[in-house]
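Please take a moment to look over the chain before reading on. The paragraphs that follow go from strands to helices and then to some details of the backbone.

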Amino acid sequence: MPEPYDFSTIERKWQTCWADDALFETRNDDPGEKFYLLVMFPYPSGKLHMGHVRNYIIADVIARQKSMRGYSVLQPMGWDAFGLPAENAAIQNQVHPAQWTEQCVEQMKEQFDALGITYDWSREINASQPDYYKWTQWLFLQLYDNGLAYQGEATVNWCPSCATVLANEELDGTVCERCGSEVEPRPVPGQWFFRITEFADDLLDDIRLLDRWPASVRTQQENWIGRSEGVSFSLDIEGSDQQMEVFTTRIDTVYGVTFMVLAPEHPLVAELTKGTGYEEPVAEFVREAMREDDIDRAAVDTEKRGIFTGRYAIHPLSGERLEIWVANYVLMGYGTGAIMAVPAHDQRDFEFARKYDLAVRVVIQPAGEDFDGDTMTESFEATGVQVNSQQFDGMICTEAEEKIADYMEAEGIGRRDIHYRLQDWLLSRQRYWGAPIPIVYCDKCGIVPVPYEDLPVLLPTDAEFKPTGESPLAINEEFVNTTCPECGGPAKRETDTMTTYVCSSWYYLRYINPHDEQHPFVKADVDQWLPVDHYIGGIEHAVRHLLYARFITKVLHKLGYVDFVEPFSELFTQGMICTRTEDGRLVKMSKRHGAVPADEIIAKYGADTARTFVLFVGPPDQDAEWSDEGVAGIFRFLSRVWRLLTDNLDAFDASWSQHIADLAADLTEAQRAIRRKTHQTISKVTGDIERMHFNTAVSAIMELSNDLGAFAERLTGGDASSDEAGTDRAVFSEAAEHLVRLLSPFAPHIADELWELMGHTPSLFNAPWPEPDMSVAAEEQVTVVIQVNGKVRHRLTVPAGSDMEQVAEMAQDSEQVQRHLAGKDVRKVITVPDKLVNIVAN
């Protein structure tokens, strides 16, 4: 009696076997063709739910199939373990973040193993361990030594109640999520930045190399870098020795300026209003505006709000006095943080002007039309003819753009310029749980980098977490007080730590030589493995992480440490597993919204069911809805496969290939049909995995399983010793063996168990991927669609490869087609071999 499908025992057995055999470890000198597959390393935040596991399973299917195809696959895993959540957990639960992180790492690692994922744990890295962040600090010093790290001022979120700086993630709207106090924007000096803007053109130009990245991600990167060509010029401020520096891409509209606008965080705002009656109301407006998210402020549909400063700027061409306003829709992060407002030709400025009753002056209009700024209902932003533009009147605006720029440069009023939306990378964090910045401050020597040989600067483990929320490093005297590396005198350490984005900007390199104590990586090895062949992660990382990783790669290339300029050759961004809320909304699965623990699904249905479901539920690049019924359906499918093959083990013929080769010409129609389906499925599944169409690959395997189940009925009854029965067994064995191979990347535990029961040496991880015989896969009969004037009127089943002229004649002779040709002359017949006949008649 065949054993029932005991998934729990099967999965534990094979996970133990794989681990004992170190099956998934890859050496740098492996002889096979290299394939570096990487999933964005996770933050160890606790146990996985089913919304988390999709990207890991996607990658594992690719890894297993590539290994079966003979590639030397590197699929490592590690932990983006520094960061805010662990520190907050430490404060809330009175547990050290190192302990919290270690617990989470162990939990997630156990779950990854329980899912049967092929990680090479010999390369495991942890960003919060000294043997990793030593090299993060090395990276900081490389940038510092080459003028790419510097100190400057940055605006931060300040909670006056907690007396600490908050990250954006710690805000609940505009209040501190800890205490509920209103958060204030506060400029903080001495913040560390990386000069990513020096690589802006390289980052932008090399997007052309990323042809295997999603178009949406490339576009987001282009927009984030935001290269703009235009003109920069300054305006004098009435009654002040200060000037306003502005940049515009529409210098053709410069004569249409009717007011000026500063971003709320612009340093001129406070200076211009200081000591005036406008100071307090403007300051209050600034506080309110700064609580808004930059994305919301810049959104087209955001309500435009502003306040007059009481000051005026002087137009450099017309000499006109222009009111200076502060508005929420102008951002410090783009251009200069000051704009010339041209309401007739910019919709945001138009809405603002109408709201505050400011002038609208037309300087471009269509030829032959006469616009009136007082009656316009929206801005005019198209090409037109210059008006009210002094000597440039009558020119097409594109011509005037060049002429005005020439004039301003000739008169010393302005200059052609290039600006970027991209700002330098602020990496300082006023937090404890991060990599210490390797800088000391000496009264005699100033800013002094820690010598390379003194790395790592260790994060102290005895930090006290006080309810004030003050950074523990700042009050840890043993850490703060040190000696100057240059003069030996007393000095103080930098107490800011690096954002975790620095840790994740280079981790893909450390995997190559994770245990090297002398180098962050070995150039020969990384040049052999990198760039990463296939990188997988969420679309939420489309900008920051990916941009920072590209930047660091370019820095290391410039410094001669690597030979490649882009870290990731191919990028795939997976869709989310979603759940439906009580009110019917489809939302990302989360603890708040119906998270399904991965452990529960594995315990109830098995890892193979969990794996197969998240791939079958829909296209992997699209969001998909969780379904308990769908999971149960996958379990039933795997159970049917188990019964089909274990019930018929006695019929399995390991020498099927020789038997079929001897009798191929004498196969019955049913035998040819199952062979044809087998090789068609091999072809489809192979292609679908390459195209990452996993859901249709699983569907094809299901179809083969169903057909094979029907064919298996031939194996019982009759004369088992007859030639036909022997051939049936051989045909069944071929299909069964290939079914298990094809299933292996998706459901590896049941596949390895069945493989062993068939008498093969496990594991399928080391077995060759099946190759389709396309001559066997070819259809013997095809259905040709018959159209008359493009409309389907009939279908004919004919032998594959038939002469299409003869098929066209058969079609025209058929009663179904003749009815639609009555009274018409056939003008032309269009044919597509084995597919279509289109008869054109009138």
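## Strands, helices and turns

In this predicted model, strand E22 and strand E25, the latter made of residues 490-493, pair in the antiparallel sense over two bridges. Within this pairing, valine 440 stands opposite arginine 493 of E25. E22 itself covers residues 439-442, and E22 also pairs with strand E23 (residues 446-449), again in the antiparallel sense, over four bridges. Here valine 440 has a second partner to look for, since valine 440 also stands opposite valine 448 in E23. Further along the pairing, cysteine 442 has glycine 446 in E23 as its bridge partner, and the two strands E22 and E23 form a hairpin with three residues between them.

These pairings belong to a wider arrangement. Four strands form an open sheet in the order E23-E22-E25-E24, and the pairing is antiparallel. The edge strands of this sheet are E23 and strand E24 (481-483), each of which pairs on one side only. If direction is ignored, neighbouring strands of this sheet are turned by 40 degrees against each other on average.

Another open sheet has three strands, in the order E20-E26-E21, and the pairing in this sheet is antiparallel as well. Which strands stand at the edges, each with a single partner strand? They are strand E20 (428-429) and strand E21 (435-436), so one side of each is left without a neighbour in the sheet. E20 is joined to strand E26 (residues 497-498) by two bridges, and these strands run antiparallel, with serine 428 standing opposite methionine 498 in E26.

Later in the chain there is another hairpin to trace. Strand E32 (residues 781-788) and strand E33 (residues 791-799) pair in the antiparallel sense over eight bridges, and in this pairing glutamine 787 stands opposite valine 792 in E33. Two residues lie between E32 and E33 in the hairpin that they form, and asparagine 789 in the turn has a positive phi of about 55 degrees.

The helices can now be followed, beginning with a pair that cross. The axes of helix H1 (residues 7-20) and helix H25 (residues 748-757) come within 9 Å and cross at roughly 85 degrees. Because angles of 65 to 115 degrees count as roughly perpendicular, H1 is roughly perpendicular to H25. On the side of H1, the contact is made by Ile10, Glu11, Lys13, Trp14, Gln15 and Trp18, while H25 contributes Pro748, His749, Ile750, Asp752, Glu753 and Glu756. Sorted by class, the contact of H1 with H25 has five nonpolar, two polar and five charged residues.

A second crossing involves helix H19 (residues 607-616) and helix H20 (residues 628-647), whose axes come within 9 Å and cross at roughly 120 degrees. H19 and H20 are therefore oblique to each other, and H19 passes H20 in a right-handed crossing. In this contact, Asp608, Thr609, Thr612, Phe613 and Phe616 of H19 meet Gly630, Val631, Ile634, Phe635 and Leu638 of H20. By class, the contact of H19 with H20 has six nonpolar, three polar and one charged residues.

Helix H22 (residues 669-690) can be followed along its length: with 22 residues, H22 reaches 32 Å from its first C-alpha to its last, which is close to the 32 Å expected at 1.5 Å a residue. After H22 comes methionine 692, whose phi is positive, near 65 degrees.

The values of phi lead to a last look at the backbone. Most residues other than glycine have a negative phi, and most peptide bonds are trans. Glutamine 390, with a phi near 55 degrees, has a positive value in a residue other than glycine, and glutamine 390 is placed in the loop between strand E17 (385-386) and helix H12 (397-410). The peptide bond from leucine 455 to proline 456 is cis, with omega near 5 degrees, and proline 456 has its place in the loop between E23 and helix H13 (477-480). Leucine 530 and proline 531 are likewise joined by a cis peptide bond, where omega is about 0 degrees; proline 531 lies in the loop between helix H16 (523-529) and strand E27 (534-537).

Note on methods
Residues numbered from 1 in each chain as written. Predicted model: local features only at pLDDT ≥ 70, side-chain atom pairs only at ≥ 80, totals over all residues. Heavy atoms only, no water. Expected span 1.5 Å × (residues − 1). Pairing = 2+ DSSP bridges. Axes fitted to C-alpha atoms, helices over the stretch in contact; angles between N-to-C directions. Parallel < 35°, antiparallel > 145°, perpendicular 65-115°, else oblique. Contact = heavy atoms within 4.5 Å. Nonpolar A, V, L, I, M, F, W, Y, C, P; charged D, E, K, R; others polar. Left-handed = near helix turned anticlockwise from the far one by under 90°.
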